[in-house]
Amino acid sequence: MTAYLIFISRRFGQLLLVVFLGISATFFITHMTPVDPVAESITAITNFGKADPEAILLMRKTLTELYGLQGNLFEQYLQFWSRLARGDLGPSLSAFPTPVSQIILRALPWTVGLMISATLISFLLGNTLGALAGYYRNSRLLKLAGLALIGLQPIPYYILAFILLILFGYVWPVLPITGGYEMNADTSFSLTLVLDILRHSILPAMALVMVGAGSWLTGMRALTSNIVTEDYVTFAELGGVGSTRILRSYVVRNALVPQLTGLAMSLGAIFNGTVITEIVFGYPGIGSLLISAVHAGDYSLVLGLASLSIVGVAIAVFLIDILSPLLDPRMKAE
Amino acid sequence: MPTAVLQTPPAPAAAEPVLVVDRLRAYYRTHAFGLDRDIRAVDDISLTVAPGEVYGIAGESSSGKTTLIKTIVGAIRPPLAVVGGSVRFRFGGEIRDIYALTPAELQTIRWRHLSCILQGSMNVLNPVRQIRHSFQDFAFPHMGLKPAAFWQAVRAHLARLDLDPAVLDSYPHQLSGGMRQRTTIALATVCTPEFIVADEPTTALDVIVQRDVLTMLRDIQRRLGSSFLFVTHDMSVHATVSDRVGIVYAGRLVEEAETPTLFRGALHPYTQHLVASLPRIGDTTRRASLPGRPPSLADPPSGCRFHPRCPLAMDVCREKVPALVEAAPRHRVACFAVSGAPS
Amino acid sequence: MFTIVRDLIRYNIEFAVGLFILLLLIAAVVLSFFSPYPAADIYVVPPDLPPDAEFWLGTTSRGQDTFWQLMIGLRNTLGFGVGVAFLSRILSLVVGLTAGYAGGRTDRVLMAINDSVMVIPQFPILVLFYFVLKDDMNWLMLVLILSALGWAYDARLIRSIAMSLRTRPFTTQSVYSGMSMRKILVEEHLPYVMPVVFATTMNNMIWSIGMEITLSVLGFTDVDTPTMGQMIYWANSHSALISGIWWWVAAPVGAIVILFIGLFLLSMSMNEYIDPRSRLNRMGV
Amino acid sequence: MSLILDVDHVGKTFVQGGLLSRREVEAVRDVSFSLDAERPEILSVVGESGSGKSTLAAMVLGRLVPTRGRILFEGGDVAAIRSRAGRRAFMARVQPVLQNPFEAFNPLKRVDRYLFATAANFVVGGGRTRAAIEERVDRALVEVGLTLAEVRGRFPHELSGGQLQRTAIARALIPEPRLLVADEPVSMVDASLRMAIVNLFGALRDRLGLSIIYITHDLATAYYISDRILIMRKGEVVERGAARAVLDNPQHPYSIALKQAVLTPDFG
C-alpha cells in the first residue's frame with residue numbers, strides 16, 4: 001500500500017509539473033509580447049463609442065490593477081499565481097463586471113458533459129469493435145466497419161463537423177445544427193428541455209465519436225492481435241475454453257490497462273477536438289466562449305479559459321493515471 | 001541413482017494405440033511482399049503412442065518438434081497449415097480424427113480427453129485473473145459436476161498433488177516458476193484425460209525444481225494411466241521420463257526406440273552423437289561436436305537431411321531420402337548405413 | 001530502397017493508393033508555380049461562376065479562379081505540414097534517443113517535460129498565441145509554435161524503442177567493440193528508429209495541417225497566405241453555402257479529405273511494413 | 001603472487017520497484033575470490049536463477065557498481081574507472097562473451113563489422129593499416145576455428161548459433177585480453193554444437209593463457225571444463241574449491257541437493 005502511495009505522489013508531482021509548465025507558458029506568452037492588453041482593451045471599448053481622455057486614463061489605471069499588471073514581470077508572475085490559487089481570474093471585459101470565473105462556470109458543464117459522453121461512447125465503441133476485429137480476423141462485416149471508422153479517423157475535427165453541418169443543415173435538415181438548446185425554450189427543468197438538450201448534442205457528439213472511435217479501434221485491434229499470440233490465450237484455446245470467454249476474460253481484460261493509459265495520454269487531444277467541434281456547432285461551452293472572448297478582445301477571459309483548460313485536463317489525466325493500475329493485479333503491492 | 005526410481009516398465013505394445021500419426025506434413029506457408037516460402041517443419045512423420053506410454057520427442061531448436069505437437073493437438077493457425085496425413089486419437093474406443101472434427105466437437109474433446117502442459121514460462125496462465133478462474137474456464141465445462149462438487153474435486157486433486165488449495169486464490173505472478181508449473185500440471189490432469197501433451201515442461205526451471213516437477217509428472221502419469229507425448233531438447237530429461245523416444249531432425253523422424261535401447265545402442269549417427277556428447281559429472285573424457293550447422297527448414301539438403309554433417313555419408317545419402325524402417329523389434333531408424341543402400 | 005517501394009506498391013494496396021494521392025499532390029504543388037494569377041489578387045476573373053470548361057472548379061465571390069487558388073493553397077498547406085514535421089522530428093529524435101539510451105535521471109527529467117507537453121491542451125495555447133500576436137502571427141511563426149507542441153508523443157515512442165535497444169546484447173557487443181555512444185546511436189540504433197520516424201511523420205502532418213486548417217477557418221492566422229483553411233474562411237465569410245456557391249467550399253473540403261486519407265494510408269502501410277514480424281518474414285529468418 | 005582479479009567482499013543491493021511495489025533485494029552478498037596471474041584457469045560460477053551469478057559477472061565487467069566491497073583488476077579498482085580512455089584500456093583487458101549468440105549481433109548489420117571495429121579501436125601501435133587489421137581479425141577467427149573468408153559480409157541469420165558464438169569469442173580475443181567473462185555462453189546453443197564452444201574455452205586457456213570466468217547453471221559442463229568452482233545460492237557463495245573435488249564430493253547441503261538433482265542419462 002505504501003508503494004501505491006509513493007506511486008500516487010509521483011503522479012501528483014507530474015500533475016504539479018504539468019500545471020506549473022502550462023500556466024507559466026500561458027503567463028509568459030501573454031506577458032512577453034509587445035502587445036499591451038490594457039491598450040488593446042481600451043481600443044476595444046472605445047471602438048463602441050467616444051470616451052474622454054480622463055475616463056481613458058482612469059480606465060487604464062483600473063484595468064492595469066484588475067489584470068495584475070503592476071510591478072515588474074516577476075512580481076506580476078507571482079501575483080498571477082496567487083490570484084489563480086484563489087480562483088480569482090479577474091472581471092470579464094465583454095461582460096463587465098461579471099467575474100471571469102462565473103462565466104466559465106456557466107460554460108463548463110456543457111463542455112464536460114459533451115466531452116465525457118462522446119469520449120465514453122467512442123472509447124466503448126472503438127474498443128469493442130477493435131477487440132472483435134482483432135479476434136475474429138476473417139469477418140467481412142467487422143473489416144468493413146473497421147475500414148469505415150479508420151477512414152474517418154484522420155479527418156480533422158473541424159472538417160468533419162463542418163461536413164456534418166452541411167449534411168444535416170442543408171441536405172437533410174432533421175437535427176438542430178447550432179446551439180445547446182432551443183433559443184426560446186423555457187429553461188426551467190423539464191423533460192422537454194432534457195430531450196431538447198440531448199437533440200442538440202447529437203451532432204457534436206456524433207462528430208467527436210466518428211473521429212475518436214477509429215483510433216481506439218486501431219489501437220485495440222493491434223493490442224488484440226498481439227495478445228492472441230500470448231501463451232495464455234493459446235493455452236486457453238487448447239483447454240477448450242469458449243471463444244467469447246477467451247475474448248472477454250483473456251483478451252479484453254489484458255488490453256484494458258494499456259488502453260486506459262492511452263486514454264489518459266490523449267485527453268489533451270480529445271479536449272482540443274471537443275472545443276473545436278463546439279465552435280462549429282455554436283455549442284455553448286468552453287470552445288465557443290474562447291472564440292467569442294478572442295473576438296471581443298476579452299483579455300482576462302481568454303487567459304482564464306486557457307489556464308482552466310490546462311488545470312482541468314491535467315487533473316483528469318491524473319485521475320485516470322492513478323486508477324488504471326488498480327485494474328492490473330500485477331501492479332498491486334503484495 | 002534416482003533415475004531408476006522414475007522409470008516404469010514400458011507399456012505392453014499389444015494394446016490398441018491411443019494416438020496414430022500417419023504421414024503427417026505441416027508447412028509454414030508465407031507469402032509476404034512477393035516472397036513465397038514453404039517451411040517444411042513437419043515432413044512425413046508417422047508414429048503411434050500406446051495407452052499409458054510416455055513417448056518422448058527429442059530434437060534441437062527449429063527441428064520442427066514444436067510444430068509437430070502443435071499439429072498433433074490441432075492448434076494450427078496460419079501461416080502453419082497441414083498439407084497431408086492424419087492425426088487420429090482413440091478416446092473411449094472411438095476413433096477421432098483431429099482434422100475431421102468440427103470446432104465444437106474438438107472443443108468437447110479438449111481437456112476432457114486431450115490436455116496440454118506448455119513450457120513453464122510466466123505467461124501460460126492469464127496474468128490478470130486468479131488461478132481459480134482458470135480451473136473454472138478449463139475444467140468445469142468438461143466435468144459435468146455441480147459447482148460445489150466441482151470445487152471439492154479440484155481441492156481433492158490439488159491435495160493429491162501436495163498443492164495447497166490456497167493457490168486457487170493466487171494470481172500467477174505471486175507464485176514461483178516451479179509452483180506455477182505444478183499448478184499447470186494440476187490443471188492439465190484434473191479431468192483425468194487419456195492423453196497429455198507436454199512441450200518442454202521443465203525447460204525454464206532450475207535443476208532442483210526440475211527434478212521435483214518431473215517426479216510429480218511421472219507420479220501422476222502412473223496414477224492416471226494417461227499417455228504422454230513429452231517434447232524436450234534435453235536428452236537427460238528423456239532418459240528420466242520417457243518410455244520411448246523419437247529423434248526429430250530437420251522436420252523428419254530419424255530414429256525411434258525404447259529409451260534404454262536408444263541410450264545404449266543408438267543406430268543413427270545423429271542420435272549416437274547426441275548421446276555421446278552429453279557431459280556427465282564424474283566423466284572428463286573429451287566430448288566432440290558435430291561439424292556444420294543444423295539445416296534450414298526452408299531449404300533443406302537433398303536426400304538424407306543429415307548427410308552434410310554425417311561421418312558415414314555415402315553417395316546415395318545425397319540423392320535419396322532414407323525411409324524409417326524397423327531395424328530391430330520396436331526400433332526404427334532412417335539411415336542407409338544401417339538399412340543398406342537401395343539398389 | 002527502390003525494391004522496398006516497388007514491393008509495397010505491388011503488394012500493399014493502401015500504399016499504392018496513398019502514393020498515388022501523394023503524387024497528385026506533388027503535381028498540384030508543381031502546377032501552382034504556373035498559376036496565371038498571383039495568389040493574393042482578387043477580382044481577376046468574373047465572380048461566382050460555376051465549374052465549366054474554362055474554370056474547372058468555378059470562381060469565387062472574390063473573383064478568383066478556384067482551381068488555381070486550390071493549387072496554391074495545397075502548396076502552402078503541404079509546405080506547412082512538412083515544415084512542422086521536419087522540425088518536430090528533430091526534437092523528438094534527440095529527446096527520445098537520448099532519454100532512452102542514457103536512462104536514469106536524464107530520462108526521468110526529459111520524460112517529465114515530455115509528458116507535460118503531451119497533456120497540455122494545444123488549442124487554447126494556440127488561440128492564446130493568436131490573441132497576443134494578432135497580425136504578427138504569420139506562417140513561419142505557426143510552424144515554429146506547432147513544432148514546439150508536436151514532438152512529445154513521438155519522442156515517447158522513440159524512447160521506448162531506444163530503451164529496448166539499449167538492453168539488447170548487440171549493444172553490449174558494440175560497447176565492447178570500442179564504439180562511441182554517438183556511433184552506437186547513429187549506426188546501430190537509428191536504423192531501428194527510422195521507420196517509426198517516417199510513419200509518425202505522416203501522423204504529425206495530419207495533426208499539424210488539421211490544426212492549421214482549424215485556426216485558419218476561424219481567422220486566427222495570417223489571412224493573406226492562401227491555404228486550404230484560408231479558402232474555407234473566405235468562403236464562410238462570403239456565406240458561400242447560403243448563396244449557393246457550393247464549389248467554393250466543396251473544392252477545399254474535398255481536397256483536404258483526399259489529402260488526409262492519402263497521408264493516413266501511407267502511415268498505415270508503413271506501420272505494417274515496420275511491424276517486426278512481417279519484417280523478419282521478409283528478411284528470411 | 002600477482003593477481004589479475006581480486007574480488008574483495010563484494011555485495012550488490014537492488015531496489016526492486018514494480019509500479020506499486022518496492023523492496024530491496026540483496027543480489028550478491030559478501031563474495032570474495034581472486035584469479036592468479038601466473039596460473040590461467042577457468043573459474044565456474046554455478047547457481048540457479050536468482051543466485052546472483054549474473055550480477056557478479058556484470059560487476060566484474062564494470063557494468064554494475066558494487067554496493068559494498070571492491071573489485072580490483074590488475075590492482076586498479078574497476079568501479080573507479082571514469083574516463084573514456086580508462087574504460088577503453090579496461091575493455092582491452094577484460095572482454096565479455098554473451099549468452100544468446102543470435103541476439104549478440106545486430107540483425108540488420110554484417111557480423112564482421114564488430115570484428116573490424118574492435119581491431120581498429122583496440123589494437124594500438126603500427127598495426128592500424130587495413131591489411132594489419134584484417135590480419136589481426138583473421139588470426140582471432142583462426143583461433144576459434146573459423147576464417148575471415150567464412151565470416152566476411154555475412155549477416156547473423158546466415159550463420160549457425162555455434163558459428164555466431166565462436167565469432168563473438170573471436171571478437172573478444174582481438175584486443176588480446178587477460179580475462180573473458182562468459183555468462184551462460186552455451187545455454188542457447190544447440191546440443192550438437194555446444195561442446196565445441198566448451199572445448200574452445202579449454203583450448204584458449206591452454207594456448208593463450210587466458211583466464212575465463214564461466215557463469216553457468218549446468219554442473220556437467222562446469223565439471224567437464226573448469227579448474228575451480230564457486231557454487232552460489234541467493235547471492236552467497238556456499239561452496240568453493242577445485243571443480244572436480246567439489247562436484248565429486250560436495251559438502252554443503254545445497255551443493256549436494258544441486259548435484260543430486262542433475263539428471264543422468266545412464267542405463268545399465
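Student: What covers the buried residues of helix 9 of chain A?
Tutor: The cover includes helix 8 (191-227) and helix 10 (243-281) of chain A. Chain B adds strand 6 (114-117), helix 4 (131-143) and helix 6 (177-189). Buried means under 20% relative accessible area, exposed over 50%, and partly exposed in between, with a 1.4 Å probe and protein chains only. Helices (DSSP runs of H or I, at least four residues) and strands (runs of E, at least two) are numbered from the N terminus.

Student: Before we go on, what kind of model is this?
Tutor: The model is predicted: local features need pLDDT of at least 70 and side-chain atom pairs count only at pLDDT 80 or more, while totals for chains, interfaces and linings use all residues. Residues are numbered from 1 along each chain as its sequence is written, chains are lettered from A and ligands numbered from 1 in the order in which they are written, and side-chain values use heavy atoms, with hydrogens and water left out.

Student: Back to helix 9 of chain A. Which residues are buried there?
Tutor: A:Tyr232, A:Val233, A:Phe235, A:Ala236 and A:Leu238 are buried in this helix, which runs over residues 231-238.

Student: And what comes just after helix 9 of chain A?
Tutor: A:Gly240, with a positive phi of about 70°.

Student: Over to chain B. How many of the eight residues of helix 2 are buried?
Tutor: Six, so to speak of helix 2 (residues 65-72) of chain B as mostly covered is fair. The buried ones are B:Lys65, B:Thr67, B:Leu68, B:Ile69, B:Thr71 and B:Ile72. B:Gly74 follows the helix and has a positive phi, near 75°.

Student: Where do positive phi values turn up in residues other than glycine?
Tutor: D:Glu176 has one, near 55°. D:Glu176 sits in the loop between helix 6 (161-173) and strand 7 (179-183) of chain D. B:Asp44 is not a glycine either, and its phi is positive at about 60°. B:Asp44 lies in strand 2 (residues 35-49) of chain B.

Student: Is B:Asp44 buried or exposed?
Tutor: Buried, with a relative accessible area of 19%. D:Glu176 is partly exposed, with a relative accessible area of 48%.

Student: What does chain B hold in helices and strands?
Tutor: Twelve helices and twelve strands. Of its 343 residues, 55% count as buried.

Student: What is the radius of gyration of chain B?
Tutor: Chain B has 21 Å, which agrees with the value near 20 Å for a compact globule of 343 residues. The radius is taken over C-alpha atoms, and the globule rule is 2.2 Å times the number of residues to the power 0.38. Along its principal axes the C-alpha trace of chain B spans about 70 × 55 × 45 Å.

Student: How is chain B divided into domains?
Tutor: Domain 1 takes 1-113 + 193-209 + 219-279 + 294-300, and domain 2 takes 129-192. These bounds come from an automatic or database domain assignment. The C-alpha centres of the two domains of chain B lie 26 Å apart. In contact (heavy atoms within 4.5 Å) are 14 residues of domain 1 and 15 residues of domain 2.

Student: Now chain C. How many helices and strands are there?
Tutor: Twelve helices and zero strands. Its C-alpha trace spans about 75 × 50 × 30 Å along the principal axes, and 56% of its 285 residues count as buried.

Student: What does the surface of chain C look like in numbers?
Tutor: Chain C exposes about 11,600 Å², and carbon and sulfur atoms supply 69% of that area. Areas come from the Shrake-Rupley method with a 1.4 Å probe; for residues, only the protein chains shown count as cover. For chain B the accessible surface is about 13,600 Å², with 53% belonging to carbon and sulfur atoms.

Student: How far apart are the centres of the positive and negative side chains in chain C?
Tutor: They lie 18 Å apart, for 17 positive and 19 negative side chains. In chain B, with 37 positive and 31 negative, the centres lie 2 Å apart. Lys and Arg count as positive and Asp and Glu as negative; His and the chain ends are not counted. The charge is placed at NZ of Lys, CZ of Arg, CG of Asp or CD of Glu.

Student: Last one. What does C:Phe129 touch?
Tutor: A:Ile29, C:Lys134, C:Met137 and C:Ile145, leaving out residues up to four places away in sequence. C:Phe129 belongs to helix 5 (residues 122-133) of chain C and counts as buried at 18% relative accessibility.
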